[in-house]
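Reader: Hi! I've got a chain open on my screen and would love a walk through it. Could you help me make sense of it?

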Amino acid sequence: MRRFVFATFNRGKVREVAGILHDLDLEILSPAALGIATLPEETGDSFLDNAVLKAAGVFLATGLPTFADDSGLEVAALRGAPGVHSARYAGGDGHDDVANIRKLLAALRGVEDRRARFVCNVACLLPPSDLPRDLPARLPGCVRLLRDHPHAPPGVALLAAEGEVSGRIIDTPRGHEGFGYDPVFWRDDVQKTFAELTAAEKNGFSHRGNAFRALREALRALRAPAAGGA
């Protein structure tokens, strides 16, 4: 079983991703389990930048294959806000879901256009020894193999995956599952908010589910240790 580190302290994300990657021969470790108490600041200009920053910090500290994600909510009427600032939209130390939702609904008060989308970018850093000699010309889905991202450690392979899902924002939070903006993110096709879905239902089409499923298939295509373990 190959050890990977998921560079996050968000337990909700860990549960979601563990469910998505359950059929891979992986032991997913938290930074805390390896003695890491903090992650690099999310100072990037994009979701991918922030994901690479977090993954690189943990990779350099542990030497283990590491993945991280940065995700957020983009609201059409707010010109894409809160975007990369989603977790800290209400200010302070961030990750105050109730305060973030309260600010979002206040910003949308009286606004008819409630279109929104969740976006997720995943960065997976692999040591050169984990790569096959002959890399495939193309990777599955939306995954890119990058070798020159400014925030990635030199000589390390970066797999970048992206996923998104569209919906709209409702006025009153509904449901108690999930986290973040899930209670106000409504899907017309299922007539529920993300917070009213089970983890399995949400993973079936969520932005994070789409991105990590793409990463899973790319790891298999690359014949990385995630596909068979070591």
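Reader: Great, let's start with F6. Is F6 buried or exposed?

Author: This is a predicted model, and in it F6 is buried, with a relative accessible area of 2%. The cut-off for buried is under 20%, so F6 qualifies.

Reader: And F67, buried or exposed?

Author: F67 is buried too, because its relative accessible area is 1%, and under 20% is what buried asks for.

Reader: How many aromatic pairs are there?

Author: The count comes to 8 aromatic pairs. One of them is F6 with F67, a tilted pair with 4.8 Å centre to centre and 45° between the planes.

Reader: Why is that one called tilted?

Author: Planes under 30 degrees apart would be stacked and over 60 edge-to-face, so the 45° of F6 and F67 makes them tilted.

Reader: Got it. Where do the two rings sit along the chain?

Author: F6 is in strand β1 (residues 2-6) and F67 is in strand β3 (residues 66-75). They are 61 residues apart, and the pair links distant parts of the chain.

Reader: Which residues make up the ring cluster?

Author: Ring pairs link F4, F6, F67 and F212 into a cluster.

Reader: Nice. Switching to lysines: which rings have one over the face?

Author: Y89 has K103 over its face, at 4.5 Å from the ring centre. For F179, the lysine is K202, at 4.9 Å from the ring centre.

Reader: K103 falls within helix α3 (residues 97-107), I see. Which residues of that helix are buried?

Author: Buried in α3 are A99, N100, I101, L104 and L105. Their cover includes β3 and β6 (157-169). Strand β3 is also where F67 sits.

Reader: Let's zoom out. What's the order of elements in the chain?

Author: There are 5 helices and 8 strands. Starting at the N terminus, they run β-α-β-α-β-α-β-β-β-β-β-α-α.

Reader: What does the radius of gyration say about the overall shape?

Author: The chain has 18 Å, which agrees with the value near 17 Å for a compact globule of 230 residues. Along the principal axes, the C-alpha atoms fill a box of roughly 55 × 35 × 30 Å.

Reader: And how much of the chain is buried?

Author: Buried residues make up 50% of the 230. The accessible surface comes to about 11100 Å², with 49% of that belonging to carbon and sulfur atoms.

Reader: Last one: what share of the contacts is long-range along the chain?

Author: Among contacts with a separation of 6 or more, 66% come from residues 24 or more positions apart.

How values were computed:
Residues numbered from 1 in each chain as written. Predicted model: local features only at pLDDT ≥ 70, side-chain atom pairs only at ≥ 80, totals over all residues. Heavy atoms only, no water. Phe/Tyr/Trp six-rings, centres within 6.5 Å; stacked < 30°, edge-to-face > 60°. Helix = DSSP H or I, 4+ residues; strand = E, 2+ residues; numbered from the N terminus. Buried < 20%, exposed > 50% of the residue type's maximum accessible area, 1.4 Å probe, protein only. Lys NZ or Arg CZ within 6 Å of the ring centre and 35° of its normal. Rg over C-alpha atoms; globule rule 2.2 N^0.38 Å. Contact = heavy atoms within 4.5 Å. Areas by Shrake-Rupley, 256 points an atom, 1.4 Å probe, with all protein chains shown as cover.
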